[in-house]
Amino acid sequence: MPLVNNLDISIGQTCERNCGKQSESCSCHPTCVSLDTCCSDYKEYCVEILPYSGSIFGGTDFVILDASFNQRSQIVCRFNDDVNTVGRVDEHGRGHCISPLLYETGWVPFQISSDNGTNFNRNGAWLSVHTGKLDSRFKATLVNSFRWQMYGTPYTNVGGTLKLTWNSSLFGEERVNIELWGYRETGEPYSEHWRAQWRYLYSLARDQLNNGTFTFLPKPAENGFSSWELGCVRVSSGAQPDGAWNVLAVWSEDHALAWHLDEQFRKDSAAWALDKCVAWDQLEEQLPYFLNETVDCPCTLAQARADTGRFHTDYGCDIEKGSVCAYHPGSVHCVRAIQASPKYGAGQQCCYDKTGTQVLTSDSIGGSTPDRAHDWGSPPYRKPPRVPAESHWVYDVLTFYYCCLWSQNCHYYFKHRPSSDCRTYQAPRSGVVFGDPHFITFDAVAYSFNGKGEYSLVSSEEKQLTIQCRTGPITLRNGTVVKATKLSAIAMREASSDVIEVRLGSGEGHMEVLKNQKALSFSEQSWMDLEGVFVFSPISQNVTVMFPSGAGVEVRFREGTMTTTVLLPGEFRASTLGLLGNMNDDGADDLVTGDGHLISNQSNPEELFEFGGSWAISNESSLFTYDSKYLLDTYLHAPRHDPTFLPAFTVPDDESDPLASQASEICSGKGSWFCRYDILVGRSPKMGNATRVSFLSHMSLMEDLAPVVSCGWLSPPENGTKEGTRYLQGATVRLSCDDGFDMEGSEERKCQEDGRWSGEDTTCVAASNITGIVVGSVIGGFALIVILTTVILQARKHKRKAARNDQVEATMAF
């Protein structure tokens, strides 16, 4: 990829309206700073700001760095070509603007005018952040948010005053206003008239002391405002009128406005909520069916956490942060599908219990739930159901309150939001590069390639995915260059997405991330929504890149090296080329050169070196950034595969080597050859140990992603119960019947290797009284026999006695 895009005609020597471009004389491209080729007014017109990010709701005051203004300047900032906010010049001559209320997340372009909107000749970008992902320092806090959202529901005994807190230093004024804003969506769903609406509702307090806290006793809203059931509390400058748009402010997170609902709700919240639940149920019956386009959930917690190309931790239920799962009781961790579904913008949430088993709504209120609107929104964002957070609240969260939290009618909710049971889930395949560098392909072929240059790691023409890697020489602290290389940069793009590059930083212990050849800062936010790609970097040593296809790239910094893991879903099968091979479950055809030649001996290091060199990229196809003389001379203006660099192909066997004993101590078991190479050739025990850790991590990842057989949810029999909620291979479920019912079928079912349950379907039938009748008849018959026998015996006895009496009488007569 060329360093810059040259213009057909000269643009002169100014960056005014020319940011990102370059003329023959100077540059307005981001790389010009490090190359020292910038036009003299580059920073004046291609501005940087601080802070660079804030809430999607707006209200953040940012300063425009380096650009010069005077006290007469009338600053206006225009976002997305259609939203203006009025700025100011401070006493130091620095320009400021306020971020506006937006309906989208990600980098939003803006222009700056210093003449009250006549000319917008400066360019910048603002990062709009989802409320749930925004750092708590920059938002107001609903103290005990549960009370705010359950206020007035008598069975929870929630009432009294509510408290709001905020960082008072965010305002340079002594007085603030406290306001309630509401959100709703109007118009026919999925029509061109469907609209998102933010609106100022009413003031909770005016001219409040800016001491960082506000307590009040809520009451039902007047003037029909209680019909607004979703919203936020805004703390804004006391110098502004009520409901002023795009002013300095700090917002709470969005929440259900239970605390201001009408008296009918307070008198009988369950009945009020049931009416809402039934109305929603009827609406859902009329809306398009979206479940068949949502991605299936992973079967286990291990799979869910490993599949980082398609799933990401849900900030509302994170095992790393104490598993506070308010909406999923019994779960310890949830993940969300990263990408919204293509047609309806729907989402998927998957939750797991402490045993790592997926929790299903058929078994528990805390189960996994699909969402009509993806919580994080989806491009183009600004219309329902794609508005980040808010569309999800309207269709998936408020409705949960109606049916499950404010009333006990969850069966309505789960009828429309049933859990995915993972029967069609297929784990991704994984390939990895680590150490000096060593490769393990998607089909588990392991080899080493120590070329110096830039190469195609993975390419898929069918999926339009390109991942490239750069390797550089290993230089010891004493300046010695060893006969081995290491990964120094990864660059990637899918279709027309932003180009993301991750490279070793100039300092020690961190990596640098670039978007379209411009460095990104993660000092304020760890997650970024970019064009056609997401990037997550919680610390400078970890970067994860996620594409719409489900491809994920994990880059980890370990002892001066980069370990790069590529995860590809099954849709990439038989469509990949490059150093990580052809993903088709056949390792025999993984090592094919760029011109289609199959390596005959996968254990021959010289042949492997030729194979790797054949995947060198061209200048025209390069995605890398060349923003230093070293990079220009070493890569852009040199052969992409350095023919003069010849690495060591074997591990030296020298018992006198001072590192030999450390190599024996550190390296053992599978993958020990890689570890020994990095110690004895790379001359670094720390790197060798990092290689060992990377290899073991990859093996562990492969175990986590191993295929799992699911037999699917097994229902308890009608008039019976079920013991066991695990439905994977080897799991056993026991069934029983209620008193008064007899079981027909199997009492115990086991999930078998073929994905079917053992035994027969189980039913519970009402107990019959035939047995009682039979037993009674037998007893009655026996009793009758006894009676008849007794009568006969008594008759015979009486007869014999009479005969004896007659005989006695006859004898006496004789």
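In this predicted model, the side chain of S419 comes within 2.9 Å of the backbone nitrogen of T361. A second backbone partner is found at S368, whose oxygen sits 2.4 Å from a polar atom of the S419 side chain. The side chain of S419 thus has one backbone nitrogen and one backbone oxygen to look at when the structure is opened in a viewer.

Both partners also turn up among the residues that S419 touches: leaving aside residues up to four places away in sequence, these are V359, L360, T361, G367 and S368. As for its setting in the chain, S419 belongs to the loop that runs between helix α8 (410–416) and strand β22 (429–434). Is S419 buried or exposed? Its relative accessible area is 19%, and because the cut-off for a buried residue is under 20%, S419 counts as buried. Another useful landmark is V387, which is 32 residues away from S419 in sequence, with 23 Å between the two C-alpha atoms.

A second serine, S618, can be described along similar lines. S618 is also placed in a loop, here between two helices, α9 (605–613) and α10 (629–636). The relative accessibility of S618 is 31%, so this residue is classed as partly exposed, the class that spans the values between the buried limit of 20% and the exposed limit of 50%. Along the chain, S618 and R640 are 22 residues apart, and their C-alpha atoms are separated by 6.9 Å.

Turning to the whole chain, the secondary structure comprises 14 helices and 40 strands. The radius of gyration is 36 Å, well over the 28 Å expected from the globule rule for 814 residues, so the chain is more spread out than a compact globule. The box that holds the C-alpha atoms, taken along the principal axes, has dimensions of roughly 165 × 80 × 45 Å.

Of the 814 residues, 52% are buried. Contacts were also examined by sequence separation: among those with a separation of 6 or more, 61% join residues 24 or more positions apart. The surface exposed by the protein chain is about 37,300 Å², and carbon and sulfur atoms supply 50% of this area. Finally, the chain carries 69 positive and 98 negative charges, and the mean positions of these two sets are 6 Å apart.

Definitions and conventions: Residues are numbered from 1 along each chain as its sequence is written. This is a predicted model: local features need pLDDT of at least 70, side-chain atom pairs count only at pLDDT 80 or more; totals for chains, interfaces and linings use all residues. Side-chain values use heavy atoms; hydrogens and water are left out. Helices (H or I, at least four residues) and strands (E, at least two) are DSSP runs, numbered from the N terminus. The radius of gyration is taken over C-alpha atoms; the globule rule is 2.2 Å times the number of residues to the power 0.38. Buried means under 20% relative accessible area, exposed over 50%, partly exposed in between (1.4 Å probe, protein chains only). Contact means heavy atoms within 4.5 Å. Accessible areas come from the Shrake-Rupley method with a 1.4 Å probe; for residues, only the protein chains shown count as cover. Lys and Arg count as positive and Asp and Glu as negative; His and the chain ends are not counted. The place of a charge is taken as NZ of Lys, CZ of Arg, CG of Asp or CD of Glu. A polar contact is a pair of N or O atoms within 3.5 Å; within protein, one must be able to donate a hydrogen and the other to accept it, and residues adjacent in sequence count only if both atoms are side-chain atoms.
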